[in-house]
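Hi everyone, thanks for coming. I'd like to walk you through a structure that may be new to you, so here it is on the screen.

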Protein chains: 2
Amino acid sequence: MLSERRLEVLRAIVQDYVGTEEPVGSKALTERHQLGVSPATVRNDMAALEDEGFIAQPHTSAGRIPTDKGYRLFVDRLAGVKPLSTPERRAIQNFLDASVDLDDVVARTVRLLAQLTRQVAVVQYPSLTRSTVRHVELLSLAPARLMLVLITDTGRVEQRMIDCPAPFGETSLADLRARLNSRVVGRRFADVPQLVQDLPESFEPEDRGTVSTVLATLLETLVEETEERLMIGGTANLTRFGHDFPLTIRPVLEALEEQVVLLKLLGEATESGMTVRIGHENAHEGLSSTSVVAVGYGSGDEAVAKLGVVGPTRMDYPGTMGAVRAVARYVGQILAES
Amino acid sequence: MLSERRLEVLRAIVQDYVGTEEPVGSKALTERHQLGVSPATVRNDMAALEDEGFIAQPHTSAGRIPTDKGYRLFVDRLAGVKPLSTPERRAIQNFLDASVDLDDVVARTVRLLAQLTRQVAVVQYPSLTRSTVRHVELLSLAPARLMLVLITDTGRVEQRMIDCPAPFGETSLADLRARLNSRVVGRRFADVPQLVQDLPESFEPEDRGTVSTVLATLLETLVEETEERLMIGGTANLTRFGHDFPLTIRPVLEALEEQVVLLKLLGEATESGMTVRIGHENAHEGLSSTSVVAVGYGSGDEAVAKLGVVGPTRMDYPGTMGAVRAVARYVGQILAES
DNA sequence: GCTGGCACTCGCACACGGTGAGTGCCAAGC
DNA sequence: GCTTGGCACTCACCGTGTGCGAGTGCCAGC
């Protein structure tokens, strides 16, 4: 059971530590915050907080720093989400509005988020799992060579080369293209396989091989693209981490290069609402001294992908959460418009 | 005029310094290399090399380290390009052969290069300047909404949304698509503008606005995509830089995030053959203690893009150059096949 | 339960001196 | 004339020692 004041002390410790990066002592605390009690009292509270595991001392006779558990409590109960200032909001909008295509939206979002939070930004490309097919295009590049182009409702375009088992005429091609589109346009990825299942049968025997190949490629593309890609930025901000660099920064950079790790990281974030994972709450070892703030974004109600930032556990949670949320909203708007 | 032996001394200094990361003294040099002379003689040579500006002392009474000028001489006259081992070559080939599309080729190349050189790898997407148009596709998404898809001979696909000034019928669309393709397919980007110049005139007055818009978008895409994109990887290797980290690594990370800077960097590399830019030879300030080894690669004779690595001036030049060259060749092969 | 006082701890910064690698110079030798 | 061994000198580096100060825990009193 933590009294109101002790929570207040914890909040003060977190705030000061985030600001100064130095262990904070009882005296300094009473000076910087109006707690209405003396340092001695704060010391008692600190001892209690330490017993509960919310704060710790790097070494005897140093100030206290919050533990992961302390940050967790802070985020859950003590901190709000700090809204952005009006100029900031306007800047976001202006910056994102200038995007020309999906790649550009993602690239700009990453830059923006990195700048706003001064941390490493991670943005997942809009997901295809819940996406629908906007159009499928088939082009003949050579007699036995096709190109398949898949366009999704999120504006994403994927292409694949296809080597046909046999030459495929222009009329067959147009036929396949038309039938394919009439069946899958507007449909969800997940539904596509059964929708096209019987398609080869309706073609001439000599074309069936090619049709099957095309369908196989299409399905493969759908599956592959469900594994999302992402873009990261602001890695230079890692240099603000601490002084004991190489050890801290290295595993983080390594983790950031592993798309798999990052995707898992974002994937762990809850579907809706903001997720904050602090320090050891992150499964990945290299990220045990970082926190991840992530949130889903999407053009409609449903989140189609996630974005967030990775930074030291000692981060400005309210500000970061505010920035992440705001950016996610604007990106959603942009996507909805295009 | 540098005697043969003095060059040999310089080579030894560079090799030792790259290996140990520590200033190298006259005694250690004679012990590790068979120079056939005494330390005292080497000292004289070192004094001469220092007068000429090829080496320097960090502080009085320390060993010597090569200067940028010293590395330059080393690269130009003393170092060969170290070929990769057979297993390495095989690994490259296997790894790259598994690529599924252009993005994948680039992504794999980056990883590979970063691993081989243990440095930061930069790969430019195949350029479109010299590229030709493989196909232009027009899709109707809504009555007054089109999507333009441009496919290049390097396998790249670009798409753009187009809002038409007036509704555009299916027949007009097919007509435009056919005429557009018959004119530009197989042509170089640079030639496209004049090839389509008179196209609007041949359409019905009510369609001309849309045709003009489509053409404008197409030309815009061609121009925009001439500004290349690139992918980087292996930034974690930056942590092996030195001990005086933050100061060294920060500007490098910042530079790496600026695509513009990197593109310029690669752009400065000579058209054919390998380019090595050492330390201050790089225009960008943040990269004054790094070297860039870059080379063009392409599917045919002409280089369509460049790739390379960024690392400390104190790098293993022969090995790095060998790896960069080998990777460029294999990527070229892969591109030629697909 | 809060507060002031007090003794104690211990990391940090700084000064100090010894050590050793490395240098430049010089006089002698091939 | 180049090479070599000798020699005095220079400093960066490292380990030790010390003073300082921030911070703590505990306790007695209000």
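Let's begin where the chains meet: the contact takes 25 residues from chain A and 25 residues from chain B. Please keep in mind that this is a predicted model.

Which elements of chain B give two or more residues to the side that touches chain A? There are strands S4 (133-142), S5 (145-152) and S6 (157-163), together with helix H10 (245-257). H10(B) gives the most to that side, with 7 residues. As for the kinds of residue on the side of chain B that touches chain A, 12 are nonpolar, 6 are polar and 7 are charged.

Now, how do the two copies relate? Chain B superposes on chain A after a rotation of 180° with 0.1 Å of shift along the axis, and the RMSD is 0.1 Å. The two copies are therefore related as by a two-fold rotation axis. The same surface serves both copies, too: 100% of the contact residues of chain B recur in chain A.

Let's turn to the cores. In soluble globular proteins, nonpolar side chains tend to be buried together. Here, the largest nonpolar core has 129 residues, and those that touch the most other members are A:Leu113, A:Val327, B:Leu113 and B:Val327.

What does A:Leu113 contact, leaving aside its neighbours within four places in sequence? You'll find A:Ala121, A:Val123, A:Leu307, A:Val309, A:Ala323, A:Val324 and A:Val327.

There is also a second, separate core of 43 residues, including A:Leu150, A:Leu218, B:Val136 and B:Ile151.

Thanks for listening, everyone!

Notes:
Residues are numbered from 1 along each chain as its sequence is written. Chains are lettered from A and ligands numbered from 1 in the order in which they are written. This is a predicted model: local features need pLDDT of at least 70, side-chain atom pairs count only at pLDDT 80 or more; totals for chains, interfaces and linings use all residues. Copies are superposed by least squares on the C-alpha atoms of residues with pLDDT of at least 70 in both. Two residues are in contact if their C-beta atoms, placed from the backbone, lie within 7 Å. A nonpolar core is a set of buried Ala, Val, Leu, Ile, Met, Phe, Trp, Tyr and Cys residues joined through C-beta atoms within 7 Å. A residue is buried if 20 or more other C-beta atoms lie within 10 Å of its own, exposed if 12 or fewer, and partly exposed in between; C-beta atoms are placed from the backbone. Helices (H or I, at least four residues) and strands (E, at least two) are DSSP runs, numbered from the N terminus. Ala, Val, Leu, Ile, Met, Phe, Trp, Tyr, Cys and Pro count as nonpolar, Asp, Glu, Lys and Arg as charged, and the others, Gly among them, as polar.
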